[in-house]
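Here are a few short exercises to work through with the model open beside you. Try each one before reading its solution.

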Amino acid sequence: MRRKIYNELVKWKKTSEGKTALLVDGARRVGKSYIVEEFARQNYKSYILIDFNRVDDDVRNLFLHYLNDLDTLFMYLSGYFNVKLHNRDSLIIFDEVQMFPKARAAIKYLVADGRYDYVETGSLMSIKKNVSDILIPSEERHIRMYPMDFEEFLWAMGNDILMDIIRKCYDEKTPMGQTMHRKSMDYFRQYLIVGGMPQAVNEYTKTRDFDQVDQIKRDILALYRADIVKHAQGYEMKVESIFDEIPAQLQKHEKKFRLSSLKKGARFREYEDALFWLEDAMITNICYNATAPNLGLKLNMDRLTLKCYMGDTGLLISHAFDENGIVSEEIYKKLLFDKLEVDKGMIMENVVAQMLAAAGHKLYFYSNPSREDRESRMEIDFLIAKSKITNRHNISPIEVKSGKNYTISSLKKFIKKYSEQTYIPYVIHTGDRKEEEGIVFLPVYMTPLL
């Protein structure tokens, strides 16, 4: 499977020249090990993959006893894995490095030695127990890996040109046209249902069987639950209760996460670690309320008011529609043909959050529930800052609409009240591209290009 992060790995190899290690952080089953091993195979004479989730204590002890004698360390690693190491042409992979933080700490000495290159993969990299007894190496460069995006899904489906056409229309500010828009939405609805977890996408490309795909997604959700029990020790019940509540919270008209739904009188400080655990595991994407739409959205962030999205929308659908333990083929067909009776807003908003996060945007929304001032009362789904900052007009408000008939009163209020701050206001919808009254209406599949 083609993944864009592969090019990032190649770029790191060329620019680093052994002076840094690379840490690839991502959710479980997102494809980290696969792509790193493929990179090793294509770009080095030899490689060793050390999976700290599986290796025995003999290998672990090497990092405890031989950091002051690297010749012996490499001799043992080479012998244990039966791989000949080549100076400046071998890669050593620390897979699931969070399972043995001491190896992560050893990166400082291994990089300084300079003989080989090092890539680490893992999840839960910032959880307290995974960093409590180690010094995070400054020689470590960190990149995040997300589920497959829409373009990667198209590649897997054997379509290498559709996203180029979408990109061209976006750049030239022209509509796709009826035929190409319909084709793009057909593919996008399939992506929405299948999601971006590589196993699920691979199964779909082979079988086109939604039941088989759903079973894979359900297995991944079960793995996440097992991880919660195993790794969120001390607050696993809180993590699990938030995880279970996500679909219900997103189903509401106001999608802000209400802790009171978990326990009467619940306070943020009681659940802060649990929310952080899910975000650090990249199971969720947290979107915070920016109390003022000014440059430096983080400076105006209200940590107590947030929305909690699933990291993968395909997993959200399997998580949400699980009354019978499996999403029926009928529900998938209704989603595919845009005939599902339930509010599709949560699915659409979740996939937009997923695409914005994968494109490098921090997630913020704007909410003013004022009861006194009707003109100030509004809720904007997302705020993003433009890449090149100017004196004014730096923030783009984004409204997400799942149906064909909708109003944009909050967006119009925002434009009127914050005209000095507003750059380009967007409506992300299921229709083709158009502009009306200074508002750009974008088809949902163009979201990654913002």
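**Exercise 1.** Is Asp51 buried or exposed? Then classify its salt-bridge partner.

Solution. Keep in mind that this is a predicted model. Asp51 has a relative accessible area of 15%. Buried means under 20%, so Asp51 is buried. Next, find the partner: the side chain of Asp51 meets that of Arg54 in a salt bridge, 3.7 Å from N to O. Arg54 has 73% relative accessibility and counts as exposed.

**Exercise 2.** Where do Lys168 and Glu172 lie? Classify each of them too.

Solution. Both residues belong to helix α8 (residues 162–172), four residues apart, or about one turn of the helix. Their closest N and O atoms are 3.2 Å apart, and the two form a salt bridge. Lys168, at 48% relative accessibility, is partly exposed; Glu172, at 46%, is partly exposed.

**Exercise 3.** Which residue forms a salt bridge with Glu349? Place the pair in the chain.

Solution. The partner is Lys307, with the closest N and O atoms 3.1 Å apart. Glu349 sits in helix α16 and Lys307 in strand β7 (residues 301–310), so 42 residues separate them and the pair links distant parts of the chain. Glu349 is buried at 5% relative accessible area, and Lys307 is buried at 1%.

**Exercise 4.** Which residues have the most contacts inside the largest nonpolar core?

Solution. They are Phe150 and Trp277, in a core of 103 residues. Helix α16 (residues 345–358) gives the most to this core, with nine residues. Now look around Phe150: residues touching Phe150 include Met163, Phe188 and Tyr445.

Key: Residues numbered from 1 in each chain as written. Predicted model: local features only at pLDDT ≥ 70, side-chain atom pairs only at ≥ 80, totals over all residues. Heavy atoms only, no water. Core = buried A, V, L, I, M, F, W, Y, C linked by side-chain atoms within 4.5 Å. Buried < 20%, exposed > 50% of the residue type's maximum accessible area, 1.4 Å probe, protein only. Helix = DSSP H or I, 4+ residues; strand = E, 2+ residues; numbered from the N terminus. Contact = heavy atoms within 4.5 Å. Salt bridge = Lys/Arg side-chain N within 4 Å of Asp/Glu carboxyl O. Lists of a residue's contacts leave out its neighbours within four places in sequence.
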